[in-house]
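Dear colleague,

Please find below the structure I agreed to hand over. My findings follow it.

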Amino acid sequence: MGGVIAGGINILENEPRRVELKKLVYYNSIVNLIKLLSILPLLALGGILIFRSSFEQIIDEDYIKSATVALWISLIGCGLSYFNFVSNYKKSIEMFGLEDPDQTESIKRIRLFGPTISGYLFIIVSICMLAFGLWFGVLFILMGLLNA
């Protein structure tokens, strides 16, 4: 039974209502997500730094400073996450060779997070830096707007 594969989705020809999802490569999807998430703090930080004088007329300077620090932390978390994912992938190529679609889930997990617990913890910490930095950056700006 043949079908058309579009973006990881196998649409069967004979059954138009049935859609079958294929497993995508974890590394590419996660790294692309981190790349997209790194754009948000970069744009927000750039906007705050460029339009700082305009923001200071509306928002108290303390809130702007706090948001700037939070967005810097988020940007550092993005860089650490991306670096860790790339280094884990390079290490896994040395350990297991090139990626094969029929590999087990444990090998795919090792390709993404690394073979050690410290790798898992480092990724968790860097993603938390990214998430909490974005959260607190937006929170400080909203608090400054509500306090104005």
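At what angle do helix 3 and helix 4 pack, and how far apart are their axes? In this predicted model, helix 3 (residues 61-96) packs against helix 4 (residues 105-113) at an angle of about 135°, and their axes are 6 Å apart. An angle between 115 and 145 degrees counts as oblique, and the two helices are therefore oblique to each other.

On the side of helix 3, the contact is formed by F85, N88, Y89, S92, I93 and F96; helix 4 contributes I107, I110, R111, L112 and F113. By character, the residues of this contact comprise eight nonpolar, two polar and one charged.

The largest nonpolar core has 16 residues, and those touching the most other members are I48, L71, F85 and L130. F85 thus appears both in this core and in the contact between helix 3 and helix 4. At least two core residues come from each of helix 1 (26-50), helix 3 and helix 5 (117-147). Helix 3 gives the most, with seven residues.

As regards the protein chain overall, five helices and three strands are present, and their order from the N terminus is β-β-β-α-α-α-α-α. Of the 148 residues, 28% are buried. Where contacts join residues at least 6 apart in sequence, 59% of them link residues at least 24 apart. The accessible surface amounts to about 9,700 Å², and carbon and sulfur atoms account for 69% of that surface.

With kind regards

Technical notes
Residues are numbered from 1 along each chain as its sequence is written. This is a predicted model: local features need pLDDT of at least 70, side-chain atom pairs count only at pLDDT 80 or more; totals for chains, interfaces and linings use all residues. Side-chain values use heavy atoms; hydrogens and water are left out. Axes are lines fitted to C-alpha atoms, for helices over the stretch in contact, and angles run from 0 to 180 degrees between N-to-C directions. Helices (H or I, at least four residues) and strands (E, at least two) are DSSP runs, numbered from the N terminus. Angles under 35 degrees count as roughly parallel, over 145 as roughly antiparallel, 65 to 115 as roughly perpendicular and the rest as oblique. Contact means heavy atoms within 4.5 Å. Ala, Val, Leu, Ile, Met, Phe, Trp, Tyr, Cys and Pro count as nonpolar, Asp, Glu, Lys and Arg as charged, and the others, Gly among them, as polar. A nonpolar core is a set of buried Ala, Val, Leu, Ile, Met, Phe, Trp, Tyr and Cys residues joined through side-chain atoms within 4.5 Å. Buried means under 20% relative accessible area, exposed over 50%, partly exposed in between (1.4 Å probe, protein chains only). Accessible areas come from the Shrake-Rupley method with a 1.4 Å probe; for residues, only the protein chains shown count as cover.
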